[in-house]
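Welcome! Let's take a friendly walk through a protein model and see how its parts fit together. Have the picture open as you read.

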Amino acid sequence: MQRDTLEGRLRSAQLKVTAPRLAVLGVLSGHGHFDAETVFSSVSAALPKTSLQAVYGVLSALVTAGLVRKIEPAGSPALYEARVGDNHHHLVCLGCKAVEDVDCAVGESPCLTPSNTNGFAIRTAEVTFWGLCSTCQEATASA
Ligand SMILES: [Zn+2]
Ligand SMILES: [Zn+2]
């Protein structure tokens, strides 16, 4: 049933359904944010002929098709997630680089307006909140 859903998502984005695309989308549909190497190691058991390079290619096709969102927190490799279209934001831990989703209060982009647009037609505002997650706070407190 999940397979049908993943296939449906690929078809609705006008993408050909292929085993690597299904596998990558399947990994990303688990909750969270994954870098390309993690995706690669998760799919390589089922797809032994897949290379990291091929996974990058699949990820970039999925991002272009709007099925996957790519975020690039400073100091971390690019992360991919299947939660798209809700303009959500991210909390990133300065300690362990954990990434959590945080709902956008407005729900559509752009949810912030700059004090001066300089003539730009603003499309999106990407917000990253940096701080320490609760685990890292505890570690700091007990150290
Ligand atoms: Zn942390
Ligand atoms: Zn997210």
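Which protein donors hold the zinc ion (ligand 1)? They are Cys93, Cys96, Cys133 and Cys136, each through its SG atom, and they lie 2.3 Å from the ion. Keep in mind that this is a predicted model.

## The first zinc site

The four donor atoms around the zinc ion (ligand 1) subtend angles of 107 to 112°, and that is why the arrangement is tetrahedral. For four tetrahedral donors, the ideal angle at a metal is 109.5 degrees. Along the chain, the donors of this ion follow the spacing C-x2-C-x36-C-x2-C. Cys96 sits in the loop between strand S4 (89-93) and strand S5 (99-102), while Cys136 belongs to helix H5 (residues 134-142), so this pair ties together parts that are 40 residues apart in sequence.

Are Cys96 and Cys136 buried or exposed? Cys96 has 42% relative accessibility and therefore counts as partly exposed. Cys136 has 15%, so Cys136 counts as buried.

## The sheet beside it

Now look at strand S4, which takes part in an open sheet of three strands. The order is S5-S4-S6 and the pairing is mixed. S5 and S6 stand at the edges with a single partner strand each, so one side of each has no neighbour in the sheet. From one strand to the next, the twist averages 25°. Four of the five residues in S4 are buried, so to speak of this strand as mostly covered is fair.

How do the strands pair? S4 and S5 are antiparallel and share four bridges, whereas S4 and strand S6 (residues 128-131) run parallel, also joined by four bridges. Val92 is a good residue to find in the picture: Val92 stands opposite Val99 in S5 and opposite Trp130 in S6. Cys93, one of the donors of the zinc ion (ligand 1), stands opposite Gly131 in S6. The hairpin of S4 and S5 has five residues between the strands, and there Lys97 takes a positive phi near 65°.

## The second zinc site

Which residues supply the protein donors of the zinc ion (ligand 2)? They are His33, His88 and His90, each through NE2, together with Glu81 through two OE atoms and Asp101 through OD. These donors lie 1.9 to 2.6 Å from the ion. The angles among the six donor atoms run from 55 to 168°, and the site is irregular.

Along the chain, the donors of this ion follow the spacing H-x47-E-x6-H-x1-H-x10-D. His33 lies in the loop between helix H2 (19-29) and S1, and His90 lies in strand S4, so the pair ties together parts that are 57 residues apart in sequence. Both His33 and His90 are buried.

## Another sheet

A further open sheet of three strands has the order S1-S3-S2, and its pairing is antiparallel. Strand S1 (34-35) and strand S2 (69-71) are the edge strands, each pairing on one side only. S2 and strand S3 (residues 79-81) run antiparallel and are joined by three bridges.

Which residue in S3 is the bridge partner of Arg69? The partner is Glu81, a residue you have already met as a donor to the zinc ion (ligand 2).

Terms used
Residues numbered from 1 in each chain as written. Chains lettered and ligands numbered in written order. Predicted model: local features only at pLDDT ≥ 70, side-chain atom pairs only at ≥ 80, totals over all residues. Heavy atoms only, no water. Donors = N, O, S within 2.8 Å, 3.2 Å for Na, K, Ca; no water. Tetrahedral: all angles 85-135°; square planar, octahedral: opposite > 155°, others 65-115°. Helix = DSSP H or I, 4+ residues; strand = E, 2+ residues; numbered from the N terminus. Buried < 20%, exposed > 50% of the residue type's maximum accessible area, 1.4 Å probe, protein only. Pairing = 2+ DSSP bridges. Axes fitted to C-alpha atoms, helices over the stretch in contact; angles between N-to-C directions.
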